[in-house]
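Dear colleague,

I am passing on the structure below, and my notes on one helix and two pockets follow it.

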Amino acid sequence: MDFSCAFATSSDTPAHAELAENLGYRRAWLYDSPALYPDVWMILTRCAERTSRIGLGPGVLVPSLRHPMVNAAAIAELVSQAPGRVAVAIGSGFTGRNAMGQRAMPWRRVAEYVRCLRALLAGEAAEWEGAKIKMLQLPGFGAKRPVDVPILIGADGPKGLAVAAELGDGVFSAAVPQPDAAKAWRALLCFGTVLDEAEDLTSPRVADAAGPGAVVVYHAMYERGGAAAVDALPGGQAWREKVEAHPEDERHFAIHEGHLVKANPSDEPHVADVIPFAASMALTGTAEQLTEKVAGLAAQGVTEIVYQPAGSDIERELTVFATAAGLAV
């Protein structure tokens, strides 16, 4: 089992990636949601400058945010800065699109994008928007082609997993990958916090650290399943009613503000309600419970735990999780 970390990309992420490297994490994945966080490629470049061993990559890129040539050029430059350390994950879009009032992309379009990106990185000509395109960068302007980087597909459902089977080197999931994921590399994004001795789920520290990951269940269920789905959750109906008090064309602001960073005003009254519910699915618990949960995930085919620390003390979360996971440089 590999243990990696993910970050809600921030100006502090390079320092956190450096700490993660020193603690023995395998990779650092950075979120690509420009309505919420700074540009992922700018921060990845800064991470490359401060590290020498840890793997780096965006997790996950959303194709509609950039022309494939833009991402190809960015990947090539990051590879030249951090050779042998880069991996890329690509998906159909959750907050990267939802936070701007858009639905997820059709998987057909994602597949077209990945095919084009792979051709560009191979040094081949590809067709996009009715024209042939090719990377023309001379030496010193990016990694020499072919640029060989693993591409994971951020998918949970059957259509996305079919794209992963055809075009991906692995699956990057927010839910336990289904048995038919057909890939040996199965990365699972996880949230939560390691409890201190005698600490329970009602402590202010747990609310601070585990709350941002717990309340995302409201965001996801409402966006994907609507009112009925979110109303079935603890505190879900009251959360929905507060969100729906906002104008419909601005409702996505109320849903996604603070996503995976801090519980927003819609979320805050319900953190205590949803943490115990979410804890059963999250890596929240004692160090011993964490060991049991990781073993269970490994038995289900997960090969890489991608832990996102949250709250006001990211350093504590990274360090305590690394100790519980038994990481060593």
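Which elements are included in what covers the buried residues of helix 13? This is a predicted model, in which local features need pLDDT of at least 70, side-chain atom pairs count only at pLDDT 80 or more, and totals for chains, interfaces and linings use all residues. Residues are numbered from 1 along each chain as its sequence is written, and side-chain values use heavy atoms, with hydrogens and water left out.

The cover includes strand 1 (2–7), helix 1 (13–23), helix 7 (204–214), helix 12 (287–299) and strand 10 (304–307), where helices (H or I, at least four residues) and strands (E, at least two) are DSSP runs numbered from the N terminus, and contact means heavy atoms within 4.5 Å. The buried residues of helix 13 (under 20% relative accessible area, 1.4 Å probe, protein chains only) are Ile314, Arg316, Glu317, Leu318, Phe321, Ala322 and Ala324. Just after helix 13, Gly326 takes a positive phi of about 75°.

As for the pockets (open sets of points on a 1 Å grid over the protein atoms alone, where a 1.4 Å probe fits, with protein on both sides within 12 Å along at least five of seven lines; lining residues have an atom within 4 Å of a point), the largest has a volume, meaning the space filled by probe spheres set on the points, of about 1300 Å³. Of its 48 lining residues, the closest to the centre are Phe94, Asp156, Ala174, Ala175 and Arg224, while helix 8 gives the largest share of the lining, 6 residues.

The second largest pocket has a volume of about 370 Å³, and helix 7 gives the most to its lining, with 4 residues.

Best wishes

How values were computed:
Buried < 20%, exposed > 50% of the residue type's maximum accessible area, 1.4 Å probe, protein only.
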